[in-house]
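Hi there,

Here is the structure I promised to send over. Have a look at it first, and then read on for my notes.

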Amino acid sequence: MNIIEVSHLVKKFNHHIVAVNDISFSVGKGEIFAFLGPNGAGKTTTIKILTTLLHPTSGSVKLNGFNVVENPNDTRKSFGIVFQDQSLDTELTAYENMKFHAVLYGVPKAVYKPRIQELLTLVELWDRKDEIVSKFSGGMKRRLEIARGLLHHPSVLFLDEPTVGLDPQTRNLIWNYILDLNKKEGITIFFTTHYMEEAERWAGRIAIIDHGSIVTEGTATELKARTGKDNLEDAFLELTGKVIRDEEAGSKDNMRTMSRAWGRR
């Protein structure tokens, strides 16, 4: 069963700049799926369409059975998202950040109180629940954001560069939490990354996107076999003709766009 279905998706800006060029793909329920591509490839635009922030120029997009254009509110209830840039209120405590999210989503108090404890315990922050978030390390903030994104029981969790800027040990810890959630709750994980080893190690399936088009998709093993390469980085280079770059440009603008759009809900 597919929880995400994208068919012939096109997004143009100013009627002639093609950001997404007729892409089709699907993501199965409970799958861990990665978007891998250089800056400007179309990853962020696609994610924005999937999360109701942009309207497609043409094509069909469904998430959890809902058409994202026709049913934006139901779509939003179906997913959680962790931004590349930190989006917590650092002047609030960890618990207050979680409670605010619950109120935003209309989660009843009888439901969110035990859910907050469950999730903060899962990411090992329950004993720090009453501390101001500004005192947290980068890894702690990321763990809190993951917990917050899961508070309303979403079917899909979108992770935009979830471990960027974190040290290798913390990155590994974050992924252990994500995998645990995937196994325990059956939640679908859709993440973007520029870390080759992250895509290869954690994704069940990878879609390589470049110039707004999906070049190919498959497991890391399939992509390497398809290109006759021994590692994913060489396979990526063979398929796209370029070395992948860090995606720093525009990340703050993306965060501001998301915050404004959700503030209007």
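To start with a small puzzle: does aspartate 130 count as buried or exposed? Its relative accessibility is 58%, so aspartate 130 counts as exposed. Please keep in mind throughout that this is a predicted model.

Aspartate 130 also has a charged partner, since its side chain meets that of lysine 129 in a salt bridge (3.8 Å, N to O). Lysine 129 counts as partly exposed, because its relative accessibility is 22%. The structure holds 12 salt bridges. Another of them joins glutamate 238 to lysine 229, with the closest N and O atoms 3.8 Å apart. Both ends of that pair are partly exposed: glutamate 238 has a relative accessible area of 49%, and lysine 229 has 31%. There is also a network of salt bridges that links Glu31, Arg205 and Glu217.

Helix 6 is worth a slower look. This helix covers residues 168–185 and reaches 26 Å from its first C-alpha to its last, close to the 26 Å expected for its 18 residues. At its N-terminal end, aspartate 167 acts as a cap, with a side-chain oxygen 3.1 Å from the backbone nitrogen of glutamine 169. Just past the other end, glycine 186 takes a positive phi of about 65°. Within helix 6, lysine 184 and aspartate 180 sit four residues apart, about one turn of the helix, and they form a salt bridge with the closest N and O atoms 3.3 Å apart. Lysine 184 is exposed at 62% relative accessible area, while aspartate 180 is partly exposed at 25%. The buried residues of the helix include Ile174, Trp175, Tyr177 and Leu181. Among the elements that the buried residues of helix 6 pack against are strand 3, helix 4 and helix 5.

Now for the sheet. Four strands form an open, antiparallel sheet in the order 2-1-4-5. Strands 2 and 5 stand at the edges with a single partner strand each, so one side of each has no neighbour in the sheet. Helix 1 packs on this sheet, touching strands 1, 2 and 4, and its direction makes about 120° with that of strand 1. Strand 1 and strand 4 are joined by five bridges, and valine 10 stands opposite serine 58 in strand 4.

Finally, isoleucine 49 lies in helix 1 and counts as buried, because its relative accessibility is 0%. Beyond its close sequence neighbours (those within four places), its contacts include Leu9, Pro56 and Val61. Isoleucine 49 and valine 61 are 12 residues apart in sequence and 8.1 Å apart in space, C-alpha to C-alpha.

Best wishes

Terms used:
Residues are numbered from 1 along each chain as its sequence is written. This is a predicted model: local features need pLDDT of at least 70, side-chain atom pairs count only at pLDDT 80 or more; totals for chains, interfaces and linings use all residues. Side-chain values use heavy atoms; hydrogens and water are left out. Helices (H or I, at least four residues) and strands (E, at least two) are DSSP runs, numbered from the N terminus. The expected span of a helix is 1.5 Å times one less than its number of residues. Buried means under 20% relative accessible area, exposed over 50%, partly exposed in between (1.4 Å probe, protein chains only). Contact means heavy atoms within 4.5 Å. A polar contact is a pair of N or O atoms within 3.5 Å; within protein, one must be able to donate a hydrogen and the other to accept it, and residues adjacent in sequence count only if both atoms are side-chain atoms. Two strands pair if DSSP finds at least two bridges between them. Axes are lines fitted to C-alpha atoms, for helices over the stretch in contact, and angles run from 0 to 180 degrees between N-to-C directions. A salt bridge is a side-chain nitrogen of Lys or Arg within 4 Å of a carboxyl oxygen of Asp or Glu.
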